[in-house]
Structure formats: C-alpha cells, structure tokens
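User: Please take a close look at one part of this model, the sheet, and describe how its strands are joined and what its side chains do. I would like one connected account rather than a list.

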Amino acid sequence: MKPPDKGLLLSSRVDFTIPSPFAREHLYYLIQYGRYQCVPGYEVKRDFLDMYLCAYVRSGSLHAFCGEQSADAAAGQLVLMDCRLPTGTASPSRPSFSGSTFPAAKARLQQYRLLFPRIPQP
C-alpha cells in the first residue's frame with residue numbers, strides 16, 4: 001500500500017489489519033504495521049490517536065516527542081509512544097524504521113511514554 005504520510009518514500013510499505021469482532025474483544029492485535037523509508041526533513045505530528053506506536057529504528061536516527069517528553073533514537077533502538085498525547089517524529093537525515101500501532105484501550109502501558117532500550121546488533 002502507498003505510504004499514508006508526507007515525507008515517506010514510495011519504497012515504504014504500510015498495511016492495515018481488519019480483526020474479527022472476537023479478536024477485537026479478546027485479543028491483542030495490530031492496527032497498522034510497515035517499514036518506513038523517509039526523505040531528509042521527515043516530520044509527522046499528531047494531536048491524538050487512540051493507540052500506541054512501537055517503532056524500531058533500522059538506520060539513521062529519529063527524534064520523537066510524546067506529551068512534554070522528547071528523545072532521540074538511533075539505529076538499533078526502540079520507540080514506544082502513547083499516541084493519546086500529542087506526539088511526533090522527525091529526522092533531518094533519511095531514517096528507516098519498522099513500526100506498528102495497537103489499540104491503547106487493550107494495553108495497560110499508561111506509565112510509559114518514551115522508551116529507548118538498546119537492542120544488540122547481530
């Protein structure tokens with residue numbers, strides 16, 4: 001599917017799920033997932049989405065803000081954001097990241113806003 005946001009290259013791939021009523025009620029599920037290739041100057045800001053975003057930075061770096069917190073994630077790091085707060089991601093370089101969103105109502109992660117643990121490189 002064509003990337004939904006400005007600043008994404010056409011080589012990006014994004015897809016959405018359509019969970020069954022049973023899955024919506026009883027299971028955790030992804031809403032959207034994809035692999036994002038960005039142009040220099042990439043920037044997206046959102047006021048509210050009833051979901052969480054999890055993104056793994058594959059190359060480059062990604063600046064993220066969530067509410068009043070902000071941080072930079074480098075290649076090999078993970079970003080977890082509560083999108084019910086004002087959020088955004090940006091990069092002056094050409095980052096590449098894999099991301100997925102899942103419903104906030106199904107998760108109990110209210111105490112977390114931004115996480116950047118280091119993931120070992122193979």
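Analyst: Serine 100 makes a good starting point, because with a relative accessible area of 16% this residue falls under the 20% cut-off and counts as buried. The model is a predicted one, and every value below is computed from it. Serine 100 has its place in strand S9, and, leaving aside residues up to four places away in sequence, it touches Leu30, Gln32, Tyr33, Tyr52, Leu53 and Cys54. Of these contacts, Gln32 and Tyr33 fall within the residue range of strand S2, 32-37, while Tyr52, Leu53 and Cys54 fall within that of strand S4, 51-59.

The sheet itself places these contacts in context. It is an open sheet of 5 strands, in the order S1-S2-S9-S4-S7, with antiparallel pairing. Strand S1 (13-16) and strand S7 (78-82) stand at the edges, and since each has a single partner strand, one side of each is left without a neighbour in the sheet. On average, and with direction ignored, neighbouring strands of this sheet are turned by 15 degrees against each other. As a general point, strands of a sheet pair through backbone hydrogen bonds, either parallel or antiparallel.

Strand S9 (residues 96-103) stands between S2 and S4 in the sheet order. With strand S2 (residues 32-37), S9 pairs in the antiparallel sense over 6 bridges, and within this pairing serine 96 of S9 is the bridge partner of glutamine 37. With strand S4 (residues 51-59), S9 also pairs in the antiparallel sense, here over 8 bridges; in this pairing, glycine 99 of S9 is the bridge partner of alanine 55. Going on towards the edge strand S7, S4 and S7 pair in the antiparallel sense over 5 bridges, and tyrosine 56 stands opposite leucine 78 in S7.

Aromatic side chains add further links between these strands. The structure holds 3 aromatic pairs. One of them is formed by tyrosine 36 and phenylalanine 97, which are stacked, with 4.9 Å from centre to centre and 20 degrees between the planes. This pair links distant parts of the chain, since tyrosine 36 lies in strand S2 and phenylalanine 97 in strand S9, 61 residues apart. Tyrosine 36 is buried, with a relative accessible area of 7%, and phenylalanine 97 is buried as well, at 6%. Another pair joins tyrosine 52 and phenylalanine 102, whose ring centres are 5.6 Å apart and whose planes meet at 20 degrees, so that this pair, too, is stacked. Because tyrosine 52 lies in strand S4 and phenylalanine 102 in strand S9, the pair ties together parts that are 50 residues apart in sequence, and both residues are buried. Tyrosine 52 has already appeared above as one of the residues touched by serine 100. In addition, Tyr36, Tyr42 and Phe97 form one aromatic cluster, so that the stacked tyrosine 36 and phenylalanine 97 belong to a group of rings that also includes Tyr42.

Charged side chains give a further set of links. A search of the whole structure finds 2 salt bridges. In one of them, the side chains of aspartate 82 and arginine 84 meet at 2.9 Å, N to O; aspartate 82 falls within the residue range of the edge strand S7, 78-82. Its relative accessibility is 2%, and aspartate 82 therefore counts as buried, whereas arginine 84 is partly exposed, with a relative accessible area of 25%. The other salt bridge joins the side chains of lysine 45 and glutamate 43 at 3.5 Å, N to O. Here lysine 45 counts as exposed at 57% relative accessibility, and glutamate 43 counts as partly exposed at 46%.

Finally, the sheet can be set against the protein as a whole. Its secondary structure comes to 1 helix and 9 strands, and from the N terminus on the elements run β-α-β-β-β-β-β-β-β-β. Buried residues make up 39% of the 122 residues. Among contacts between residues at least 6 apart in sequence, 71% join residues at least 24 apart. The protein exposes about 7200 Å², of which carbon and sulfur atoms supply 58%.

How values were computed:
Residues are numbered from 1 along each chain as its sequence is written. This is a predicted model: local features need pLDDT of at least 70, side-chain atom pairs count only at pLDDT 80 or more; totals for chains, interfaces and linings use all residues. Side-chain values use heavy atoms; hydrogens and water are left out. Two strands pair if DSSP finds at least two bridges between them. Helices (H or I, at least four residues) and strands (E, at least two) are DSSP runs, numbered from the N terminus. Axes are lines fitted to C-alpha atoms, for helices over the stretch in contact, and angles run from 0 to 180 degrees between N-to-C directions. Buried means under 20% relative accessible area, exposed over 50%, partly exposed in between (1.4 Å probe, protein chains only). Contact means heavy atoms within 4.5 Å. A salt bridge is a side-chain nitrogen of Lys or Arg within 4 Å of a carboxyl oxygen of Asp or Glu. Rings of Phe, Tyr and Trp (its six-membered ring) pair if their centres lie within 6.5 Å; planes under 30 degrees apart count as stacked, over 60 as edge-to-face and the rest as tilted. Accessible areas come from the Shrake-Rupley method with a 1.4 Å probe; for residues, only the protein chains shown count as cover.
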